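Dear colleague,

I am handing over the structure shown below, and I would be glad if you could look through it before reading my notes.

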Amino acid sequence: MSDPQTKKIALQLSIGEKEVQATVDLLDSGATLPFIARYRKEATGNLDEVAIAKVRDLLTRLRQLEERRESILNSLAKRNLLTDDLRKKLLEAETLTILEDIYLPFRPKRKTRANAAKERGLEPLAKKIFAQDKWDLDPIKEALAFVNPGKGVASANEALSGARDIMAEWISEDAEARSRVRALYQLQGVIQSTASSDKEGDAAKFRDYLDWSEPISKNAPHRLLAMLRGARTGVLNLHISPPEKEALTILEELFIKRDCQAGREVQQAAEDGYRRLLAPSMENEFLASLRAHAEEKAIDVFSENLRQVLLEPPLGQKCILAVDPGFRTGCKLAVIDRQAQLKENDVIFPHDTEMRRAEAAVKVQNICKRNGVEAIAVGNGTAGRETEIFLRSLNLSVAVIMVNESGASVYSTSDAARREFPHEDATVRGAISIGRRLMDPLAELVKIDPKSIGVGQYQHDVDQSDLKHALDDVVSSCVNLVGVDLNTASRELLTYISGLGPKLAEAVVNYRIEHGLFSSRKDLLKVPRLGPKAFEQSAGFLRIHNSSNPLDSTAVHPESYRIVEKMAEDLGVTVNDLMKNEILLRKLDLNKYTSDKARIATLQDILKELSRPGRDPRRDFELFSFAPGIEKIEDLQAGMKLPGIVTNVTAFGAFVDIGVHQDGLVH
């Protein structure tokens, strides 16, 4: 990357140029965000994943700008249109918008009114009038010389009309005019939404926007996304415009040189050029810009919600009775052992007759006793609250915990579910997923598309490629933050580990099946196609418990093992003795172990890890239960204080489940 780009990124993000260059070099070498943030702090000046992602994204935009610049220069050169002045302007353009404005007059065009007029030989007339260099120039007299019925110019008025079409296009494509009108849109532009359909059923969904107007500077992203959805469905008309008088004044100042007949022709051309060409172009540009900003905010909201869900505290390795509730079809039961494997499954009908309710009670009691069940997970969907109350009434001496089941049905019919449980039907797989989600939300949720988790805002309205890119970043960040057990992790979980991806994750699982459990991190290098680079990127995030090297169960990277071994040697103890021993760790002088690759920041990370090896960064699990006796909307009274679970956060408020089948909105 060139120095100017480094400087631009450093200046825009307020990061040192040296750190930006190091980050870019690492990204270009194939290093992942989690790896750079965790194990290359010396190089980046301790940048976190958010900052590194910003460097990556800005770098991508700058490189796209350079690619577009090069494409434009080549196009102009091939058509012999590239002058020194034009080249200079293009090379100095700092944004894609400015670059495209400069290129616009030279862009190959489809058939336009101006092109048609030029083909009829009217461009010299347009130039003569546009110059306005003679007070006494009579446009009608000048136009008579261009009358040519053979070319479709039957009169002087037709010639003048064609000349105005040409001038209108010149005016609408002028870079300075576009820049000044763009600034007017930014400062005084108003977005208007009006009804365009009399279909009451559709219109009711967008009732707030059937007659809506506000400055674009104050438009909230979620409101714009709602209006855009209404426009797509044909219910709304959506427009952006500034005060027309001010816009025309800008064009008059730029293009009308004197009060004469030629000037009045230019004024007509300017008005036509603004209304027919420039205003629609600016409207489309601003709608696209506002949409991009709104989508970015919606993706940010989704990403943060997803992070919160993925990092929900795990209950841990417990024997769990998972319940997928239902009224008519009954409640599906699945017993999950401490290794998250299915032990048995059944169905109960606690919401049917008294006899079936009694049968259900006996069946649940026997299942819990037979399997040593330590917790009960109940899906929060249809019949969830009623099933929870039924299970609590059995006084089983085990916790009954409501679990968000969004996406469980998606998992139940997925390839991953069929691969894991080929002999079970979808209802059993759905119950298993609910139980596993209580045990370890992260390990289970990575198996489904993040969009199915139910924490988005206008997720189907945003650019799906950008959304996937952002959500993949979040999942990868969370998985690598927590780390995974190499000997138990699913291929879906391993896919998100730094440096692996789907193919290497598959190779790791296949190797594990064929050769048995990994005994050390070094064994990873025996996996087909997993080379030194992938090992470097992934090893620190993979844990092996009961390895001969105790550091294999920690987040200490193998490249730093020698540092820890030297620390232990200096204290006259083993590495195992050093781990978890705060007294010994406090005796270490980190300055003795610094090097170019391991300075204080890295050494402090190593010390933290030795203090709590393999620690889980997620919060401790806390039991939650809804208020007893509050089961439906009618049970609520003003002034009540109730426990709740935040199920979704949006730009306009948070949705909270308080156990009455309908989430409440806290603005």
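What follows covers a pair of helices and then the empty space.

This is a predicted model, in which local features need pLDDT of at least 70 and side-chain atom pairs count only at pLDDT 80 or more, while totals for chains, interfaces and linings use all residues. Residues are numbered from 1 along each chain as its sequence is written, and side-chain values use heavy atoms, with hydrogens and water left out.

The axes (lines fitted to C-alpha atoms over the stretch in contact, with angles from 0 to 180 degrees between N-to-C directions) of helix 1 (residues 3–13) and helix 2 (residues 17–28) come within 9 Å and cross at roughly 115°. Helix 1 is therefore roughly perpendicular to helix 2, a term covering 65 to 115 degrees; helices here are DSSP runs of H or I, at least four residues, numbered from the N terminus. The contact (heavy atoms within 4.5 Å) involves T6, K7, I9 and A10 of helix 1 together with E17, V20 and Q21 of helix 2.

As for cavities, meaning sets of points on a 1 Å grid over the protein atoms alone where a 1.4 Å probe fits but cannot get out, there is 1 of 30 Å³ or more. The largest cavity has a volume (the space filled by probe spheres set on the points) of about 40 Å³, and its lining residues, which have an atom within 4 Å of a point, are L310, L445, V446, I448, P450, I453, V475 and Y496.

Best regards

Conventions
Helices (H or I, at least four residues) and strands (E, at least two) are DSSP runs, numbered from the N terminus. Angles under 35 degrees count as roughly parallel, over 145 as roughly antiparallel, 65 to 115 as roughly perpendicular and the rest as oblique. On a 1 Å grid over the protein atoms alone, a cavity is a set of points where a 1.4 Å probe fits but cannot get out, and a pocket is an open set with protein on both sides within 12 Å along at least five of seven lines; lining residues have an atom within 4 Å of a point.
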